[in-house]
Amino acid sequence: YGFEGTPRDVQPTRFTILKIASRWCQELEQLDDSSSVYKLVGSVLIKQGLLEARGNVTKRLEFIQDET
């Protein structure tokens, strides 16, 4: 077992997700306010506001970092 009793095979997944979310955050920061952002919901892409997308990714990063 690794951090706080989680199995070791789960840890790389969390670190991979953290790395991906960090990259998303960097990419969203490079966009200007007129850029279009889409969110995958099921099998459909739905247009999302840039500020909302940034907020969602930031929250996801915080959640993952608290978990690891």
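These legends walk you through several close-up views of one predicted protein model.

**View 1. The whole fold, from one end of the chain to the other.** Start by getting your bearings: the protein's secondary structure amounts to 2 helices and 2 strands. Follow the chain along its sequence and you will meet them in the pattern α-β-β-α. The protein has 68 residues, and 21% of these count as buried.

**View 2. Helix α2 and its buried face.** This helix is built from 18 residues. From its first C-alpha to its last, α2 reaches 26 Å, which is close to the 26 Å expected at 1.5 Å a residue. Which residues of α2 are buried? They are L50, A53, R54, V57, L61 and I64. Looking down the axis of α2, you would find these buried residues within an arc of 100°, so they line one face of the helix. Now turn your attention to the face of α2 that points away from the buried side: here sit the exposed residues L51, K59, F63 and D66.

**View 3. The largest nonpolar core.** Ten residues are shown here, and it is worth finding each one: L18, A21, C25, L28, V37, L50, A53, V57, L61 and I64. Both α1 and α2 supply at least two residues of this core. Which element gives the largest share? That is α2, with 5 residues. As background, nonpolar side chains tend to be buried together in soluble globular proteins.

**View 4. R54, a buried residue in α2.** Look for R54 in helix α2. Is R54 buried or exposed? Its relative accessibility is 17%, and buried means under 20%, so R54 counts as buried. Find L28 as well: R54 and L28 are 26 residues apart along the chain, yet their C-alpha atoms are separated by 6.4 Å.

**View 5. S34, an exposed loop residue.** Here the focus moves to the loop between α1 and β1, where S34 is found. With 63% relative accessibility, S34 counts as exposed, because the cut-off for exposed is over 50%. For a sense of distance, pick out G49, which lies 15 residues from S34 along the chain. The C-alpha atoms of S34 and G49 are separated by 9.7 Å.

**View 6. The largest pocket and its lining.** This pocket holds about 360 Å³ of space. How many residues line the largest pocket? There are 14, and those closest to its centre are W24, Y38, K39, Q48 and V57. Two or more lining residues come from each of α1 (11–30), β1 (37–41), β2 (44–48) and α2 (50–67). Sorted by class, the lining has 9 nonpolar, 2 polar and 3 charged residues. You have already met V57 among the buried residues of α2 and as a member of the largest nonpolar core.

Conventions
Residues numbered from 1 in each chain as written. Predicted model: local features only at pLDDT ≥ 70, side-chain atom pairs only at ≥ 80, totals over all residues. Heavy atoms only, no water. 1 Å grid on protein atoms, 1.4 Å probe; cavity = no way out; pocket = protein on both sides within 12 Å on 5 of 7 lines; lining within 4 Å. Points joined across faces, edges and corners; volume = space filled by probe spheres on them. Helix = DSSP H or I, 4+ residues; strand = E, 2+ residues; numbered from the N terminus. Nonpolar A, V, L, I, M, F, W, Y, C, P; charged D, E, K, R; others polar. Expected span 1.5 Å × (residues − 1). Buried < 20%, exposed > 50% of the residue type's maximum accessible area, 1.4 Å probe, protein only. Arc of directions from axis to C-beta. Core = buried A, V, L, I, M, F, W, Y, C linked by side-chain atoms within 4.5 Å.
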